[in-house]
Amino acid sequence: MARLTLALTAALAATASAFAPSTTLHKSTALNVRVPTGFEEVGGTAWDPLELGKLGKNIDTFPNMFPDAQFLQEAEIKHGRMSMLAWTGIWATHVGGMGLGMHIPGMPVESDWTKALGVFASQEPAMFAAILLFISIAEGESVGHSGDNFRGKGTKTPGNLGFDPWGFGAKLSDDRKERYRIVELKNGRAAMIAIASLFAFESIPGSVPLMDLFGAQ
């Protein structure tokens with residue numbers, strides 16, 4: 001109720017700030033144009049002062065110990081997508097507050113979202129196993145046949161599963177494809193922050209000061 005309302009408000013604020021217009025300009029031929037990078041909020045380039053994203057390239061004492069940038073990009077996109085789905089699921093099924101209170105007929109009923117997965121697994125073991133199988137296939141595809149992206153040998157674009165049965169991607173211009181890529185990336189980042197905040201608020205009292213400020217208990 002109050003918790004979900006405040007968490008949703010915070011997530012929407014984070015999403016709005018993620019789409020704030022960038023004042024960073026990059027030169028392109030004779031004109032100055034905005035080139036989306038996904039890092040407009042930090043000057044247009046990745047903010048990585050400790051160069052953690054380059055450990056796979058910079059440290060050769062223990063070869064293959066740290067992942068390549070290909071793996072990190074794939075992981076960020078993947079976790080962003082999972083967080084967007086998770087947040088949407090919590091919002092859609094939550095009863096009270098800004099939750100929609102939706103329920104699929106025949107599925108288990110559990111008002112506490114932190115316990116819902118356990119209840120579903122115990123009451124619908126076959127369906128839960130099918131979901132795990134689907135996740136395993138998707139996970140294997142993302143790091144398997146397209147090359148070992150952990151070592152920078154992947155041959156596909158990070159996040160591209162090649163799944164577009166209706167050909168929506170082929171109908172888009174390159175500019176719109178790039179825009180949607182940035183939109184997904186930023187929304188995924190906002191969703192990861194939102195989900196982490198929800199878990200922290202539920203498990204560690206006082207860990208999300210904004211919630212306490214508004215009197216959520």
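Trp166 sits out in the open in this predicted model, with a relative accessibility of 61% that puts it in the exposed class. Its ring partner, Phe168, is exposed too, at 52% relative accessibility. The two ring centres are 6.3 Å apart and the planes meet at 25°, so Trp166 and Phe168 count as a stacked pair.

That pair belongs to a short list, as the structure holds 3 aromatic pairs. Another of them is made by Trp113 and Phe199, and here the arrangement is edge-to-face, with 5.1 Å from centre to centre and 80° between the planes. Trp113 comes from helix H4 (residues 113–123) and Phe199 from helix H6 (residues 174–203), so this pair ties together parts of the chain that are 86 residues apart in sequence. The two partners fall into separate accessibility classes: Trp113 is buried because its relative accessibility is 19%, which is under the 20% cut-off, while Phe199, at 48%, is partly exposed.

Helix H3 is worth a look of its own. It runs over residues 69–93, 25 residues in total, and spans 36 Å between its first and last C-alpha, close to the 36 Å expected at 1.5 Å a residue. A good number of its side chains are tucked away: the buried residues of H3 are Glu74, Ala75, Ile77, Lys78, Gly80, Ser83, Trp87, Ile90 and Ala92. As a reminder, an α-helix has 3.6 residues a turn, so residues three or four places apart point the same way.

At the N-terminal end of H3, the cap is supplied by Asp68, which has a side-chain oxygen 3.0 Å from the backbone nitrogen of Gln70. Asp68 itself belongs to the loop that links helix H2 (55–58) to H3. With a relative accessible area of just 7%, Asp68 is buried. Leaving aside residues up to four places away in sequence, Asp68 touches Lys57 as well as Asn149, Phe150, Arg151 and Gly152.

H3 also has a polar link to a loop elsewhere in the chain. Lys156, found in the loop between helix H5 (125–143) and H6, makes a side-chain to side-chain polar contact of 3.3 Å with Glu74, one of the buried residues of H3. A polar atom of the Lys156 side chain also lies 3.2 Å from the backbone oxygen of Asn160. The Lys156 side chain is thus placed by the model alongside both Glu74 and the backbone of Asn160.

Technical notes: Residues are numbered from 1 along each chain as its sequence is written. This is a predicted model: local features need pLDDT of at least 70, side-chain atom pairs count only at pLDDT 80 or more; totals for chains, interfaces and linings use all residues. Side-chain values use heavy atoms; hydrogens and water are left out. Helices (H or I, at least four residues) and strands (E, at least two) are DSSP runs, numbered from the N terminus. The expected span of a helix is 1.5 Å times one less than its number of residues. Buried means under 20% relative accessible area, exposed over 50%, partly exposed in between (1.4 Å probe, protein chains only). A polar contact is a pair of N or O atoms within 3.5 Å; within protein, one must be able to donate a hydrogen and the other to accept it, and residues adjacent in sequence count only if both atoms are side-chain atoms. Rings of Phe, Tyr and Trp (its six-membered ring) pair if their centres lie within 6.5 Å; planes under 30 degrees apart count as stacked, over 60 as edge-to-face and the rest as tilted. Contact means heavy atoms within 4.5 Å.
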